[in-house]
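Open the model in your viewer and keep the sequence panel beside it. The tour goes from one selection to the next.

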Amino acid sequence: MKPSSATAQANPNIAFIKYWGNRDNALRLPVNGSISMNLDGLFTRTTVSFNSAKTDSLTINSTPVTGKGLERVSYILDIVRKMADINERAEVTSENNFPAGAGIASSAAAFAALAVAASKAAGLNLSEPELSVLARRGSGSASRSIPAGFVEWQMGKDEADSYAFSIAPAAHWNLADCVAIVNASHKKTGSTEGHAIAGTSPLQEARVADAPRRIEICRNAILNKDFEAFANIIEHDSDMMHSVMMTSKPPLMYWQAATLEIFHQVREWRASGLPVGYTVDAGANVHVLCLGEYKAEVEKRLREIPGVSNVLVAGVGGAAKVV
Ligand code: PMV
């Protein structure tokens, strides 16, 4: 088939059981499985056009990108070119509908959309697991933005076996993610560097050994819609990942004072009957999960906490798709 052009769209996702550390950094093969949900309403839309240019090009939100950003995209395009047996370079244009620095990891949505658009434009007809593997090569968490709804990424035995799959569709459980944006003054260390030093923390071995237990509790909490069990396990897992981060060499301390204040408030709210729980990725912003019917109340309360500059609210999202 003649290579052409395709556009795809993907949601970011929030991890409930975190991915932190690789057993193979180049292939992004994780040391533990993870669980997440896609974030509805927030998306990256990417167009890939194979052409006769001499080099690949990348534009994100109307700004040309070169250097490391382009290299990471070309790395995925090279895999696609090899699979499709083509040599054409590609023009890649990408738009996010959510603001940068909003506490939403954009790389997951970006590499999921790129995997779908690039493979389609190259004339490949990849299965969902194959797309998930391809997205994973760009950013581990992107593997989880390929399937719909509530998603599990199995660590897998090898390269082809480490992919994500849906454990429940988006409509299964009406959850909302209220992302409290905290004014972070520090520049964060990116997750690629973070994964590479995870093993320097003496706590990582225990975190990884215990991961199958946490995954099972989280999966069952989602399948049974047991919010109390869900809130307890996501907070426990997030705290464990941050304990590893804080005790790595060099130490990574992502939390700000307001981050901690939100933790205390969320636990008090839950103790007094509001179904809420927190989780934090590689940053200071806090994802506060709640039952969908309480999202307006949770958003209102978060906005009252000093240090919270904005709150973004998302429901459960669907699969990455060609548009
Ligand atoms: O996909 P990466 O390399 O950006 O890593 C994501 C790491 C966390 O967001 C902290 C956890 C996760 O599972 O998404």
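How many bridges join strand β12 to β15? Select residues 175-182, which make up β12, and then add β15: six bridges join the two strands, and they run antiparallel. Keep in mind throughout that this is a predicted model. For one particular pair, pick Asp 177; its bridge partner in β15 is Ala 314.

**The sheet**

Now show the whole sheet. Four strands form it in the order β13-β14-β12-β15, with antiparallel pairing, and the sheet is open. β13 (276-279) and β15 (308-314) are the edge strands; each has a single partner, so one side of each is left without a neighbour in the sheet. From one strand to the next, the twist averages 25°.

**Helices on the sheet**

Select residues 227-246, helix α7. Helix α7 lies across β12, β13 and β14 (286-291), and runs at about 20° to β13. Next select residues 295-303, helix α9. This helix packs on the sheet and touches β12, β13, β14 and β15; its direction makes about 165° with that of β15.

Go back to α7 and pick Asp 237, which lies in that helix. Is Asp 237 buried or exposed? Its relative accessibility is 0%, so Asp 237 counts as buried. Leaving aside residues up to four places away in sequence, Asp 237 touches Phe 16, Ile 17, Lys 18 and Arg 214.

**Helix α1**

Select residues 67-84, helix α1. Its 18 residues, at 1.5 Å a residue, should span 26 Å; the end C-alpha atoms are 25 Å apart, which agrees. Colour its buried residues: Leu 70, Val 73, Ser 74, Ile 76, Leu 77, Ile 79, Val 80 and Arg 81. An α-helix has 3.6 residues a turn, so residues three or four places apart point the same way. What covers the buried residues of α1? The cover includes the strands β6 (44-51), β7 (57-60), β8 (63-65) and β9 (89-96), together with the helices α2 (106-121) and α3 (128-138). Step just past the end of α1 to Asp 85, which takes a positive phi of about 60°.

**The ligand**

Finally, select the ligand. It is surrounded by 14 residues, and the closest are Tyr 19, Ser 139, Ser 141, Arg 144 and Ser 191. Check three distances to ligand oxygen atoms:

- Ser 141: a polar side-chain atom lies 2.6 Å from a ligand oxygen.
- His 195: a polar side-chain atom lies 3.0 Å from a ligand oxygen.
- Asp 281: an N or O atom of the side chain is 3.5 Å from a ligand oxygen.

Note on methods
Residues numbered from 1 in each chain as written. Predicted model: local features only at pLDDT ≥ 70, side-chain atom pairs only at ≥ 80, totals over all residues. Heavy atoms only, no water. Pairing = 2+ DSSP bridges. Axes fitted to C-alpha atoms, helices over the stretch in contact; angles between N-to-C directions. Contact = heavy atoms within 4.5 Å. Expected span 1.5 Å × (residues − 1). Buried < 20%, exposed > 50% of the residue type's maximum accessible area, 1.4 Å probe, protein only. Near = heavy atom within 4 Å. Polar contact = N/O pair within 3.5 Å; in protein donor to acceptor, adjacent residues only side chain to side chain.
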